[in-house]
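User: Hi! Could you walk me through this structure?

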Amino acid sequence: MKMAVGGCFCGKVRVEYNGQPLTTALCHCLDCRKLTGALYTYNFVVKTAELNITGSPKAVPKTSDSGNDIKNYFCPDCGTPLYGHKIKPNGEAEEVTIVRAGIFDDTEILDEGRPAVEIYTESRLKWLSPVEGAGQFIGMLSVPSLDDA
Ligand SMILES: [Zn+2]
Ligand SMILES: [Zn+2]
């Protein structure tokens with residue numbers, strides 16, 4: 001995949017990712033719904049170290065149902081949900097970050113980046129169909145980083 005470049009609605013926060021996503025996941029969990037206002041999220045799971053952020057996203061901390069400290073980041077001006085990750089006990093970000101794929105400017109990246117998995121499928125709305133070819137998981141994927149996707 002070429003470099004993925006994206007940003008928020010107002011343009012003050014820009015996000016670049018230069019690498020291959022570790023995985024791509026549609027998430028139907030209730031937290032994702034609240035934090036985006038959409039009925040599910042589409043996420044690229046990337047290495048935190050390969051993510052380059054311009055601007056000053058606002059971090060919103062929360063303790064997830066599974067007891068993890070997580071932070072989700074939004075544009076402080078327009079509110080676009082940008083990305084999120086777990087926070088380690090020492091306060092540092094986890095090695096992987098969940099980026100909201102809808103922020104990317106290049107739709108080719110999204111066309112090519114079909115979902116590898118769908119998670120929290122029990123919360124999927126009744127009128128939505130599973131994505132053909134995507135692995136289906138009732139809860140979280142057994143990748144530590146996906147617990148709070
Ligand atoms: Zn913005
Ligand atoms: Zn979710």
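Analyst: Happy to; we can go through the sheets and then look at some single residues. One thing to keep in mind is that this is a predicted model.

User: Which strands make up the three-stranded sheet, and in what order?

Analyst: That open sheet has the order β1-β2-β5, and its pairing is antiparallel. The edges are β1 and β5, each with a single partner strand, so one side of each has no neighbour in the sheet. On average, neighbouring strands here are turned by 15° against each other, direction ignored.

User: How many bridges join β1 to β2?

Analyst: Four bridges join strand β1 (residues 4-7) to β2, and the two run antiparallel. For example, V5 has E16 as its bridge partner in β2, and G6 stands opposite V15 in β2.

User: What about the turn in that hairpin, which residue takes a positive phi?

Analyst: That is G11, with a phi near 90°. The hairpin of β1 and β2 has six residues between the strands.

User: And on the other side, how does β2 pair with β5?

Analyst: Again in the antiparallel sense, over four bridges, with β5 covering residues 51-54. Here E16 stands opposite N52 in β5.

User: Where do the side chains of β2 point?

Analyst: They alternate along residues 14-17. V15 and Y17 point to one face and are buried, whereas R14 and E16 point to the other face and are not buried. This fits a general pattern: in a regular strand, side chains alternate between the two faces of the sheet.

User: OK, changing topic. What's the strand order in the eight-stranded sheet?

Analyst: It runs β6-β7-β8-β9-β4-β3-β10-β11, as an open sheet with mixed pairing. The edge strands are β6 (58-63) and β11, which each pair on one side only.

User: Can you pick one pair from the middle of that order?

Analyst: Sure, take β4 (residues 41-47) and β9 (residues 96-100): five bridges join these antiparallel strands. One partnership there is V46 with T97 in β9.

User: Where does A93 sit?

Analyst: A93 is in the loop between β8 (81-86) and β9.

User: Why does A93 count as partly exposed?

Analyst: Because A93 has 17 other C-beta atoms within 10 Å, and a residue needs 20 or more to be called buried, while 12 or fewer would make it exposed.

User: Which residues does A93 touch?

Analyst: Not counting residues up to four places away in sequence, A93 touches T48, H85 and I87. T48 is a nice case: A93 and T48 are 45 residues apart in sequence, yet their C-alpha atoms are 7.8 Å apart in space.

User: And what's unusual about the phi of Y120?

Analyst: Y120 is not a glycine, but its phi is positive, at about 55°. As a rule, most residues other than glycine have a negative phi. Y120 lies in the loop between β10 (117-119) and β11 (135-136).

User: Is Y120 buried or exposed?

Analyst: Buried, because Y120 has 22 C-beta neighbours inside 10 Å.

User: Last one: which residues does the UniProt domain annotation cover?

Analyst: Residues 4-121, according to an unreviewed UniProt entry that gives "domain: CENP-V/GFA". Over that stretch the chain is 11% helix and 42% strand, and the C-alpha atoms at its ends are 27 Å apart.

Terms used:
Residues are numbered from 1 along each chain as its sequence is written. Chains are lettered from A and ligands numbered from 1 in the order in which they are written. This is a predicted model: local features need pLDDT of at least 70, side-chain atom pairs count only at pLDDT 80 or more; totals for chains, interfaces and linings use all residues. Two strands pair if DSSP finds at least two bridges between them. UniProt positions are given in the numbering used here, feature names are shortened, and annotations may be inferred rather than shown by experiment. Two residues are in contact if their C-beta atoms, placed from the backbone, lie within 7 Å. Axes are lines fitted to C-alpha atoms, for helices over the stretch in contact, and angles run from 0 to 180 degrees between N-to-C directions.
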